[in-house]
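Visitor: I would like a close look at a single part of this model, the surface where protein and DNA meet. Please describe how that surface is made up and how it relates to the folded elements behind it.

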There are 2 protein chains.
Amino acid sequence: MKLLDIGEVAERSGVAPSALRYYEEIGLIASAGRKGLRRQYGAATLLQLSLITLGKAAGFSLQEIAGMFGQDGRPDLPRDQLHARADALEAQIRELTALKDALRHVADCPAPSHLECPKFQKLLRAGSITAEV
Amino acid sequence: MKLLDIGEVAERSGVAPSALRYYEEIGLIASAGRKGLRRQYGAATLLQLSLITLGKAAGFSLQEIAGMFGQDGRPDLPRDQLHARADALEAQIRELTALKDALRHVADCPAPSHLECPKFQKLLRAGSITAEV
DNA sequence: CTGCCAATTAAAGCCAGCTTGAGGTCAAGG
DNA sequence: CCTTGACCTCAAGCTGGCTTTAATTGGCAG
């Protein structure tokens with residue numbers, strides 16, 4: 001099993017060395033060992049980092065990501081909790097879609113005041129966060 | 001036009017008064033005026049706050065949200081920039097979908113090591129953030 | 001064996017996005 | 001008129017997620 005220096009992992013994963021040490025500090029990843037003082041990482045770490053990057057892009061905190069996947073990169077949670085996470089993601093996807101549609105609408109609709117445009121308001125309500133007015 | 005105290009806006013929008021003052025401080029919203037010292041808000045503010053909440057949920061910074069919609073709640077940007085924003089959102093939606101599918105996969109696939117499961121790796125690559133291995 | 005350069009640590013610093021606290025103001029109900 | 005309590009301002013503090021800095025160590029090419 002070929003091991004990688006932190007610099008190489010950083011380069012391949014796009015995650016800064018300081019961030020990698022930080023991830024280790026909070027228990028999100030673990031190095032495969034040390035060569036002297038130097039951390040050595042296995043290929044699995046690169047995949048874990050993909051997952052972490054993905055999760056971050058999805059708006060999850062590092063704690064939440066750590067909760068979805070243990071530091072070994074495998075899911076820690078019972079199936080129903082994983083599905084609950086996926087359901088939450090679906091809800092977030094719906095919100096994003098609403099925002100995206102709202103943006104496209106304001107880009108294309110010539111109405112001067114979108115806040116009063118019924119279609120726009122409907123789009124907002126589709127995100128189901130509209131305050132009661 | 002009926003005006004609302006900050007407390008009422010907070011209650012209806014779910015945004016704390018301190019946050020509302022902060023939003024005003026950074027120019028994200030504006031009060032319709034003051035009654036004595038007290039800020040008074042119009043109904044439009046509630047809609048703006050929906051937009052802001054939506055944008056935050058979508059992972060945008062307050063600066064970015066302010067850039068999409070002026071403090072009057074109307075878009076400031078030229079059409080192509082709005083569409084560019086929408087395109088970025090679509091990319092984010094694809095990532096979220098990849099993560100969601102990955103979660104469902106690990107919830108349902110009985111394989112012991114998902115990191116080595118080809119299907120799982122493919123799901124990760126669908127999010128197009130996988131490090132080169 | 002030497003010297004370089006990447007890696008190490010601990011502690012401090014930084015940004016966003018608020019919240020909290022102290023001390024003060026004032027609109028409205030009794 | 002007086003009290004009450006919601007509001008005000010300003011400054012400091014807090015969390016998350018790192019980065020930066022300073023001082024040090026040690027692997028490895030020559």
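Guide: The account below takes the two DNA strands in turn and then the sheets and the chain behind them.

This is a predicted model, in which local features need pLDDT of at least 70 and side-chain atom pairs count only at pLDDT 80 or more, while totals for chains, interfaces and linings use all residues. Residues are numbered from 1 along each chain as its sequence is written, chains are lettered from A and ligands numbered from 1 in the order in which they are written, and side-chain values use heavy atoms, with hydrogens and water left out.

DNA strand C has 19 residues around it, of which A:R21, A:R39, B:S18, B:Y23 and B:G36 come nearest; a residue is near a strand if one of its heavy atoms lies within 4 Å of it. Sugar or phosphate accounts for 82% of the atoms of DNA strand C within 4 Å of the protein, and bases for the rest. Several polar contacts (pairs of N or O atoms within 3.5 Å; within protein, one must be able to donate a hydrogen and the other to accept it, and residues adjacent in sequence count only if both atoms are side-chain atoms) may be listed. A polar side-chain atom of A:R39 is placed 2.7 Å from a phosphate oxygen of DNA strand C. An N or O atom in the side chain of A:R34 lies 3.1 Å from a phosphate oxygen of this strand, and for A:G7 a backbone N or O atom lies 3.1 Å from a phosphate oxygen. Two or more residues of this surface come from each of α1 (6-13) and β3 (38-41) of chain A and α2 (17-25) of chain B; helices (H or I, at least four residues) and strands (E, at least two) are DSSP runs, numbered from the N terminus. The largest share, four residues, belongs to α2(B). By class, the surface near DNA strand C holds eight nonpolar, four polar and seven charged residues, where Ala, Val, Leu, Ile, Met, Phe, Trp, Tyr, Cys and Pro count as nonpolar, Asp, Glu, Lys and Arg as charged, and the others, Gly among them, as polar.

Around DNA strand D there are 20 residues, with A:S18, A:K56, B:R21, B:R38 and B:R39 nearest. Here 80% of the strand's atoms within 4 Å of the protein belong to sugar or phosphate, and the rest to bases. The side chain of A:S18 has an N or O atom 2.4 Å from a phosphate oxygen of DNA strand D, and that of A:K56 has one at 2.9 Å from a phosphate oxygen. A base is also reached: a polar side-chain atom of B:R38 lies 2.9 Å from a base nitrogen. The elements giving two or more residues to this surface are α2 (17-25) of chain A, with α1 (6-13) and β3 of chain B. Of these, α2(A) gives the most, with four residues. The surface near DNA strand D comprises eight nonpolar, four polar and eight charged residues.

Behind these surfaces are sheets. In chain A, an open sheet of three strands has the order β1-β3-β2 with antiparallel pairing; strands pair if DSSP finds at least two bridges between them. Its edges are β1 (4-5) and β2 (33-35), each with a single partner strand, so one side of each is left without a neighbour in the sheet. Two bridges join β1(A) to β3(A), and A:L4 has A:Y41 as its bridge partner. In chain B, three bridges link β2(B) to β3 (residues 38-41) in the antiparallel sense, with B:R34 partnered by B:R39.

Chain A as a whole has six helices and three strands, in the pattern β-α-α-β-β-α-α-α-α.
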